[in-house]
Amino acid sequence: MQFEKLSFDVVPDIYEKKDQYFKDDCVDLKSLKVIDAAGMAFLVKWAKSREDRKLKLLNIPSDVINLIKTYRLNVLFEIVN
């Protein structure tokens, strides 16, 4: 799964299809250009839906890594580069 934008203006539309997205256990962020708090909240919700498995994040931009570290979300994600 790839996203170019995970922000307040697109997350509500993406969230409507969450059942489709949440089936995947991996998100490729190489195309991601914009992320904000709504986008991070979406990724957290997705990760929490994985039960005992972490959500794999591929090709993570440095700003996303900084957000994960700042908010101590590394327990939810497996960072794969």
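This is a short dialogue on reading the fold, surface and charges of a predicted model.

User: Where do I start? Which helices and strands are in the chain, and in what order do the elements run?

Analyst: Start with a count, then follow the order. The chain has four helices and five strands. From the N terminus, the elements run β-α-α-β-β-α-β-α-β.

User: How do I read the radius of gyration of the chain?

Analyst: Set the value beside what the globule rule gives for the length. Here the radius of gyration is 11 Å, and the rule gives 12 Å for 81 residues. The two are close, so the chain is as compact as a globular protein of that length. For the extents, look along the principal axes: the C-alpha trace spans about 25 × 25 × 20 Å.

User: What do contacts add, and what share of them join residues at least 24 apart?

Analyst: Look at sequence separation. Take the contacts between residues at least 6 apart in sequence; 67% of these join residues at least 24 apart.

User: Next, the surface. How many of the residues count as buried?

Analyst: Of the 81 residues, 37% count as buried. The accessible surface is about 5200 Å². Carbon and sulfur atoms account for 49% of that surface.

User: Now charges. How far apart are the mean positions of the positive and negative charges?

Analyst: Count each sign, then compare the mean positions. The chain carries 14 positive and 13 negative charges, and their mean positions lie 4 Å apart.

User: How many salt bridges does the structure hold, and how exposed are lysine 5, lysine 18 and aspartate 19?

Analyst: For a salt bridge, check the N to O distance against the 4 Å cut-off. The structure holds two. One pairs lysine 5 with aspartate 9, with the closest N and O atoms 2.9 Å apart. Lysine 5 is partly exposed, at 34% relative accessible area. The other joins lysine 18 and aspartate 19 through their side chains, at 3.7 Å from N to O. Lysine 18 is partly exposed, at 25%. Aspartate 19 is exposed, at 57%.

User: What about arginine 50: is this residue buried or exposed?

Analyst: Read position, burial and neighbours in turn. Arginine 50 sits in the loop between α3 (37–48) and β4 (55–58). Arginine 50 is buried, yet has no salt bridge.

User: Why does arginine 50 have no salt bridge, and which residues does arginine 50 touch?

Analyst: Use the cut-off again. The nearest side chain of opposite charge, aspartate 25, is 4.5 Å away. A salt bridge needs the atoms within 4 Å, so this pair does not qualify. Leaving out residues up to four places away in sequence, arginine 50 touches Phe22, Lys23, Asp24, Asp25 and Leu55.

Conventions: Residues are numbered from 1 along each chain as its sequence is written. This is a predicted model: local features need pLDDT of at least 70, side-chain atom pairs count only at pLDDT 80 or more; totals for chains, interfaces and linings use all residues. Side-chain values use heavy atoms; hydrogens and water are left out. Helices (H or I, at least four residues) and strands (E, at least two) are DSSP runs, numbered from the N terminus. The radius of gyration is taken over C-alpha atoms; the globule rule is 2.2 Å times the number of residues to the power 0.38. Buried means under 20% relative accessible area, exposed over 50%, partly exposed in between (1.4 Å probe, protein chains only). Contact means heavy atoms within 4.5 Å. Accessible areas come from the Shrake-Rupley method with a 1.4 Å probe; for residues, only the protein chains shown count as cover. Lys and Arg count as positive and Asp and Glu as negative; His and the chain ends are not counted. The place of a charge is taken as NZ of Lys, CZ of Arg, CG of Asp or CD of Glu.
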